[in-house]
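Got a structure on screen and wondering what stands behind the labels people put on it? Let's take some of them one at a time.

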Amino acid sequence: SQWGAGKMAKSGYSFDEILQHYYQGIKLATIPIKVLNNKKAIDRVFYSKNETAAVIISNEDNVKILKIKINDKELEVKLNNGINKVNISKYLNKGKNNIEYFIADEDNNYNKSLNIYIIVKEEENE
């Protein structure tokens with residue numbers, strides 16, 4: 001309810017704590033993006049208040065390597081087909097974070113792509 005959410009906010013609960021109270025089992029995440037194998041990097045900004053996050057990569061096109069640059073630190077991720085999860089918590093700043101994705105496959109198959117989003121807060125039991 002609006003009254004309950006308002007009271008929780010006045011008591012010091014954050015928006016994500018309020019949402020997770022009313023909608024149990026949800027995960028807060030960025031909007032998914034499609035990264036194409038066109039030799040161009042895709043960059044985004046996201047915010048994390050508690051410095052925990054994971055990149056979720058849906059790899060249906062058998063992409064082999066994804067390069068991720070997060071806050072000027074570079075990662076090379078070898079991908080499996082299907083869903084891949086990469087914990088990026090140790091690379092995060094509290095607050096604003098910059099992330100860049102680049103498909104680093106050697107082939108020139110421009111039809112390949114990845115769907116990627118970031119879970120910005122993991123549940124404690126994961």
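## Why the labels fit

Q: Why is lysine 96 called partly exposed?
A: Its relative accessible area is 47%. Buried means under 20% and exposed means over 50%, so with 47% lysine 96 falls in between and gets the label partly exposed. Keep in mind that this is a predicted model.

Q: Where does lysine 96 sit, and what is it in contact with?
A: Lysine 96 is part of strand 7. Setting aside neighbours within four places in sequence, it's in contact with Val45, Phe46, Tyr47 and Asn71. Contact needs heavy atoms within 4.5 Å. One of those partners, tyrosine 47, also stands opposite lysine 96 in the strand pairing.

Q: How far is lysine 96 from alanine 53, in sequence and in space?
A: The two are 43 residues apart along the chain, and their C-alpha atoms are 13 Å apart.

Q: What makes strand 2 and strand 7 a pair?
A: Two strands pair if there are at least two bridges between them. Strand 2 (residues 42-48) and strand 7 (residues 95-103) have seven bridges, so they count as a pair, in the antiparallel sense.

Q: What about strand 4 and strand 7?
A: Strand 4 (residues 65-70) is joined to strand 7 over five bridges, again antiparallel. With at least two needed, they count as a pair therefore. Here isoleucine 68 stands opposite tyrosine 101 of strand 7.

Q: Which strands are the edges of the open sheet with the order 2-7-4-5?
A: This sheet has four strands with antiparallel pairing. Strand 2 and strand 5 (73-78) are the edge strands, as each pairs on one side only. On average, neighbouring strands here are turned by 25° against each other, direction ignored.

Q: What is the strand order in the other open sheet described here, and which strands are its edges?
A: The order is 1-8-3-6, with four strands and antiparallel pairing. Strand 1 (33-36) and strand 6 (82-87) each pair on one side only, which is what an edge strand does. The twist from one strand to the next averages 30°.

Q: How do you know that strand 3 and strand 6 pair?
A: Count the bridges: six join strand 3 (residues 54-59) to strand 6, and the two run antiparallel. At least two are needed, so the pairing holds. In one of these bridges, asparagine 59 has glycine 82 as its partner.

Q: Which residues touch the most other members of the largest nonpolar core?
A: Ile88 and Tyr101 do, in a core of 25 residues. Elements giving two or more residues to this core include strand 1, strand 3 and strand 7. Tyrosine 101 has contacts beyond its neighbours within four places in sequence, among them Ile33, Val55, Leu66, Ile68 and Ile118.

Q: How do helix 1 and helix 2 pack?
A: Helix 1 (residues 2-10) and helix 2 (residues 15-22) meet at an angle of about 140°, with their axes 10 Å apart. The crossing is right-handed. Gly4, Ala5, Met8 and Ala9 of helix 1 meet Glu17, Ile18, His21 and Tyr22 of helix 2. By type, the contact has five nonpolar residues, two polar and one charged.

Notes:
Residues are numbered from 1 along each chain as its sequence is written. This is a predicted model: local features need pLDDT of at least 70, side-chain atom pairs count only at pLDDT 80 or more; totals for chains, interfaces and linings use all residues. Side-chain values use heavy atoms; hydrogens and water are left out. Axes are lines fitted to C-alpha atoms, for helices over the stretch in contact, and angles run from 0 to 180 degrees between N-to-C directions. A nonpolar core is a set of buried Ala, Val, Leu, Ile, Met, Phe, Trp, Tyr and Cys residues joined through side-chain atoms within 4.5 Å. Buried means under 20% relative accessible area, exposed over 50%, partly exposed in between (1.4 Å probe, protein chains only). A crossing is left-handed if the near helix is turned anticlockwise from the far one by less than a right angle, and right-handed if clockwise. Ala, Val, Leu, Ile, Met, Phe, Trp, Tyr, Cys and Pro count as nonpolar, Asp, Glu, Lys and Arg as charged, and the others, Gly among them, as polar.
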